[in-house]
Amino acid sequence: MIKNVILDMGNVLLSYDPDVILNKVCETEEEKQLIRTHLFESEIWLMGDRGEITNEQRYDLAKEHLPKELHGKLKECVENWDICMLPIPGAMEFCHRCREAGYRIYVLSNACNHFYDYFPRHYDLDFFDGVMVSSDVHLIKPDTRIYELLCSTYDLKPEECVFIDDRPENVEAAERAGMKGIVFEGGTFLLP
């Protein structure tokens, strides 16, 4: 019997789309692709999510891979990428329906230290029964250890949990850890 709903943050609770800042800052597709490749799609981004570096340190590492004339645009992307983090329609209502139905609600997110700046603008951390951010625990999804750590931290039984994420590989890892998994592809949130 499912008792716990575990939600990913990016593209489940809040939208995540680096193109929002790239389109604002960059003038050409080439500039966008260079910054996308060397920041958002790079090991540097993952290092932030694993808590090995802060969001601010991403700039110093990424600029080494870009021409000097893009450093200002890169810096703006590092400092303001979170402008894309807006509530997914229906997500808050879904959380309230889950609460009213008696489920406990958790967040499990791959995110850097900057999570605590943007997430509380849209969601009250205290609303959730628990929040685990990858940079705090130095593990990122789809590593099954992060799901196991969430369960041990909050005394959850995996078979009583449903995990909702937009990335199939993260859902598959949750299922390997013993949870029920749902790939969220947008649209209507359904109670488990």
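**View 1. An open sheet of five strands with parallel pairing, in this predicted model**. The strand order is β3-β2-β1-β4-β5. Strands are DSSP runs of E, at least two residues, and helices are runs of H or I, at least four, both numbered from the N terminus. Two strands pair if DSSP finds at least two bridges between them. The edges are β3 (130-133) and β5 (180-183), and each pairs on one side only. Neighbouring strands are turned by 20° against each other on average, direction ignored. Axes are lines fitted to C-alpha atoms, for helices over the stretch in contact; angles run from 0 to 180 degrees between N-to-C directions. Residues are numbered from 1 along each chain as its sequence is written. Local features need pLDDT of at least 70, side-chain atom pairs count only at pLDDT 80 or more, totals for chains, interfaces and linings use all residues, and side-chain values use heavy atoms, without hydrogens or water.

**View 2. The pairing of β4 with β5**. Strand β4 (residues 161-165) joins β5 in the parallel sense over four bridges. I164 stands opposite I182 in β5.

**View 3. Helix α9 on the sheet**. Helix α9 (residues 144-154) touches β1 (4-7), β2 (104-109), β3 and β4; contact means heavy atoms within 4.5 Å. The direction of α9 makes about 145° with that of β3.

**View 4. The largest pocket**. Its volume is about 620 Å³, the space filled by probe spheres set on grid points joined across faces, edges and corners. On a 1 Å grid over the protein atoms alone, with a 1.4 Å probe, a pocket is an open set with protein on both sides within 12 Å along at least five of seven lines; lining residues have an atom within 4 Å of a point. Of the 30 lining residues, Y16, W45, D49, N110 and R167 are closest to the centre. The largest share, three residues, comes from α3.
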